[in-house]
Amino acid sequence: MQNFFQDVQQLEEYYKYQKTNVSMEKQLKSVTMKEEDVNRCQIQEWYPKFKTVSIRTVIHELPESFVKYLIDDSGPFLLPLSISGEDALPNRIHNPIDDEDYQVSEGSGDESEQPPLPPSFPELELNIKESINTLGGAVFPKLNWSAPKDSAWISTSGTLRCTSFSEIALLLRSSDSLVHDLCHAYDSCIDKTLSRPPSFFLALRKWYSSFLPEMEFRCFVRGQQLIGISQREVTTFYPTLLEKKNDLQLLIKEFFTEKVRLKFESENYTFDVYVTKDGRAKILDFNPWGAFTLPLLFTWEELEQNLKEAENVVDFRIVESQCGIRPGLKTAVPQDYLDTGPGSGWDQFLRKADEELQQQKMAPGNGA
């Protein structure tokens, strides 16, 4: 119980941080984002230019029928019918139709009451199956901008690792965060004319079981100048980063100067980079400056201030102790708990937890 309340206190601290960060973002009147900045951050746009310094990826253009399937929430949750007979949730879901003694109850006979048939995308499934085999048998998916990190909890492995079309469809269909890509990618643009891109793409990225989360970093570029670097996985303290911090900063700065700065056209953006065991940097993603991009261990105001006060100086931040972790900056949770507004799931949880904490403190035997 004591550990639970320690976690609650950490969550409360993050809740306050998140509310502060939201107010900071509202103050960034000088940051303007255009549609072209958002478009450059689509993986099908940047990957061909940075293929040699990124991880192996195969990109498929999605048929509009599959895009509509991802968006449609008017009916029951149905996974596509697999022509390969693959099951994204083996041994999890019991289908009564499979029982030998299953009988259809008599009723009105109204065909409209029959459950809808699951969709099927045979050509897309075959293409994806071929790409998975090409990439070593396991991949993680993402659309134009985002990966379905918030739905990782529903997979059998609890990760984004997929070995079949059915597993990919399950993650994509279950994700709230992908609604951004599908419906709201241009909402923050000052020159917004589009509600969605003309086409959607599915990027299948090779799954590396040796991937170390502590070696992924988010880099912040303002005016084509690298001004900040943040540890990407900020929910954990990694002591090894304290020893490697200076070397990592030099490596990432050099990589930006030689491989990124002159090839990515936007003035302001962020990019995520992974440093391998042998000291090579690999680009994982590009994101627009501000808007839906998380500043992690910074606030956007701090980054703006860094640019004004310290030219050519890069502020590199890591979690330097257990007290510095940000437990709430974890996206593999339902969307309700990412919403910090009044009445949200997150807000209700913290209020109830705080009430319980106060009751425990006032209970007999807990007095000073």
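**Ring contacts and a three-stranded sheet**

The charged end of lysine 206 sits over the ring of tyrosine 208, 5.6 Å from its centre; a charge is counted in this way if NZ of Lys or CZ of Arg is within 6 Å of the ring centre and within 35 degrees of the ring normal. Arginine 222 likewise lies over the face of tryptophan 289, at 5.4 Å from the ring centre. The model is predicted, so that local features need pLDDT of at least 70 and side-chain atom pairs count only at pLDDT 80 or more, whereas totals for chains, interfaces and linings use all residues. Residues are numbered from 1 along each chain as its sequence is written, and side-chain values use heavy atoms, with hydrogens and water left out.

Rings of Phe, Tyr and Trp (its six-membered ring) pair if their centres lie within 6.5 Å, and planes under 30 degrees apart count as stacked, over 60 as edge-to-face and the rest as tilted. By this rule there are 21 aromatic pairs. Phenylalanine 264 and tyrosine 269 form a tilted pair, 4.5 Å centre to centre with 50 degrees between the planes. Both residues are buried, that is, under 20% relative accessible area with a 1.4 Å probe, protein chains only. Ring pairs link Phe264 and Tyr269 into a cluster with Trp46, Tyr47, Phe50, Phe256, Phe271 and Phe286.

An open sheet of three strands has the order S1-S3-S2, with antiparallel pairing. Strands are DSSP runs (E, at least two residues), numbered from the N terminus, and two of them pair if DSSP finds at least two bridges between them. Five bridges join S1 to strand S3 (residues 201-206), and valine 58 stands opposite leucine 204 in S3.

Note on methods:
Helices (H or I, at least four residues) and strands (E, at least two) are DSSP runs, numbered from the N terminus. Buried means under 20% relative accessible area, exposed over 50%, partly exposed in between (1.4 Å probe, protein chains only).
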